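Subject: Structure for you to look at

Hello,

Here is the structure I promised to pass on. Please open it alongside this message; my notes on what was found follow below.

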2 protein chains.
Amino acid sequence: MKKEIDNKLNLKNIKPTAMRQLVLQVLTEQKTAISLPELEQKFEKADKATLYRTLKSFQENKLIHSIEDGSGSLRYALCQDNCECDPEDLHVHFLCTNCNQTFCLNDIPVPTINLPSSFSFESVNMVVKGICSNCKK
Amino acid sequence: MKKEIDNKLNLKNIKPTAMRQLVLQVLTEQKTAISLPELEQKFEKADKATLYRTLKSFQENKLIHSIEDGSGSLRYALCQDNCECDPEDLHVHFLCTNCNQTFCLNDIPVPTINLPSSFSFESVNMVVKGICSNCKK
DNA sequence: AAGTTGATGCAACCGGGTTGCAAAGTTATT
DNA sequence: AATAACTTTGCAACCCGGTTGCATCAACTT
Ligand SMILES: [Mn+2]
Ligand SMILES: [Mn+2]
Ligand SMILES: [Zn+2]
Ligand SMILES: [Zn+2]
């Protein structure tokens, strides 16, 4: 367990501090994307700024990616093992309008768009909204 | 000019007050989507709350649509004439990473996604980021 | 041991969005 | 025309997510 966590951090060149181990632990257990305020609530006593900077460094080192799901706060989720956060790693996200949870649809790549020739492409954000499998039943 | 503005408001069942005429005027002249703070700056002395409620009523009456472009603030743009803000009216948006302006790509519909069968579709937000035609040259 | 670097905690701040409430304006009723 | 009912506006205050400055603390280097 602990070994796994430290491994992941080391692989991404992130010094494994206690805080970072804890945050990565939460992110690993988490099945849906999580926001900074939500992450804050997972700890009894945690500093927003520290968590903020933890997430930031995780993202800079491509351990997690952020999702603008329109829920009012940025959400974060672990990257796939092979992920380099390049355009080809982009996938569709799903926001449930009932439970307000955001899912990575890792095996659904974002479709290519034929932009007007005068526009050039850098990245793309695609969020589908609807009812998730948990809420559907 | 004035006639056109009032016509549009009437068509959408929005009482044409002075404020609403002015805001619609701005939105009509505007070639890219505009946020509430940006709209505020278009007027010398304008109240944020009034503008906020104006945009809200415009949106409720399907005169404008809002765009979550990840720029930090919601942006708004006029709907097409025939628009009912239904899924088939959804189009791709483009945020220029240089000038920070957001464009409606009205003739590029959002591609359909085959969701996992346990998820149901309601709507979708797709924003492409890159360099716009103005900034490219 | 002293110095250097990076991580943490606390507080304060910023900006977008939202609401309560009273004043002003509009429309309907008598 | 006067009154009442309803809508819109303006102001202030608030909420919340995100961000930063700064002092302190921990780990590592010399
Ligand atoms: Mn994802
Ligand atoms: Mn649009
Ligand atoms: Zn759900
Ligand atoms: Zn541009």
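Of the atoms of DNA strand D within 4 Å of the protein, 60% are sugar or phosphate atoms, and the rest are base atoms. Keep in mind that this is a predicted model.

**DNA strand D**

There are 18 residues around DNA strand D. A:K48, A:Y52, A:L74, B:T17 and B:R53 come nearest. Three polar pairs stand out for your setup. A:K48 places a side-chain N or O atom 2.8 Å from a base oxygen of strand D. A:Y52 goes to the backbone instead: a polar atom of its side chain lies 2.8 Å from a phosphate oxygen. B:R53 has a side-chain N or O atom 2.6 Å from a base oxygen.

Which elements give two or more residues to this surface? From chain A they are α3 (36–41) and α4 (48–60); from chain B they are α2 (18–29) and α4 (48–60). The most comes from α4(A), with five residues. By type, the surface near strand D divides into seven nonpolar, four polar and seven charged residues.

**DNA strand C**

Strand C also has 18 residues around it. The nearest are A:T17, A:R53, B:K48, B:Y52 and B:L74. Sugar and phosphate make up 62% of the strand C atoms that come within 4 Å of the protein.

The polar pairs here involve arginines. A:R20 has a side-chain N or O atom 2.9 Å from a phosphate oxygen of strand C. A:R53 has one 2.7 Å from a base oxygen. B:R53 also reaches a base oxygen of strand C, at 3.3 Å. B:R53 thus appears twice in these notes, with a base oxygen of strand D at 2.6 Å and a base oxygen of strand C at 3.3 Å.

Two or more residues each come from α2 (18–29) and α4 of chain A, and from α3 (36–41) and α4 of chain B. The largest share, five residues, belongs to α4(B). The surface near strand C holds seven nonpolar, four polar and seven charged residues.

**How the two chains relate**

Chain A can be laid on chain B with an RMSD of 0.0 Å. That takes a turn of 180 degrees and a shift of 0.0 Å along the axis. The two copies are therefore related as by a two-fold rotation axis. The same surface serves both copies, as 100% of the contact residues of chain A recur in chain B. Which residue of chain A comes closest to the axis? A:M126 does, with its C-alpha at 2.2 Å.

**The manganese sites**

Ligand 1 is a manganese ion with protein donors from chain A. They are A:H65 (NE2), A:H91 (NE2), A:H93 (NE2) and A:C104 (SG), at 2.0 to 2.2 Å. Along the chain these donors follow the spacing H-x25-H-x1-H-x10-C. A:H65 lies in strand β2 (residues 64–67) and A:H93 in strand β4 (residues 91–96), so the pair ties together parts of chain A that are 28 residues apart in sequence. Both A:H65 and A:H93 are buried.

Ligand 2 is a manganese ion on chain B. B:H65 (NE2), B:H91 (NE2), B:H93 (NE2) and B:C104 (SG) coordinate it, at 2.0 to 2.2 Å. The spacing of its donors is H-x25-H-x1-H-x10-C. B:H65 sits in β2 (residues 64–67) and B:H93 in β4 (residues 91–96) of chain B, so this pair links parts 28 residues apart in sequence. B:H65 and B:H93 are buried.

**A residue in helix α2**

B:Q21 is placed in helix α2 of chain B. Is B:Q21 buried or exposed? It is buried: its relative accessible area is 16%, and the cut-off for buried is under 20%. Beyond its neighbours within four places in sequence, B:Q21 is in contact with B:I5, B:D6, B:L9 and B:P16.

**Chain A overall**

Chain A has five helices and six strands. Their order along the sequence is α-α-β-α-α-β-β-β-β-β-α. The C-alpha atoms fill a box of roughly 50 × 35 × 25 Å along the principal axes. Of the 137 residues in chain A, 39% are buried. Among contacts in chain A with a separation of 6 or more, 51% join residues 24 or more positions apart.

Best wishes

Notes: Residues numbered from 1 in each chain as written. Chains lettered and ligands numbered in written order. Predicted model: local features only at pLDDT ≥ 70, side-chain atom pairs only at ≥ 80, totals over all residues. Heavy atoms only, no water. Least-squares fit on C-alpha atoms with pLDDT ≥ 70 in both. Contact = heavy atoms within 4.5 Å. Donors = N, O, S within 2.8 Å, 3.2 Å for Na, K, Ca; no water. Helix = DSSP H or I, 4+ residues; strand = E, 2+ residues; numbered from the N terminus. Buried < 20%, exposed > 50% of the residue type's maximum accessible area, 1.4 Å probe, protein only. Near = heavy atom within 4 Å. Polar contact = N/O pair within 3.5 Å; in protein donor to acceptor, adjacent residues only side chain to side chain. Nonpolar A, V, L, I, M, F, W, Y, C, P; charged D, E, K, R; others polar.
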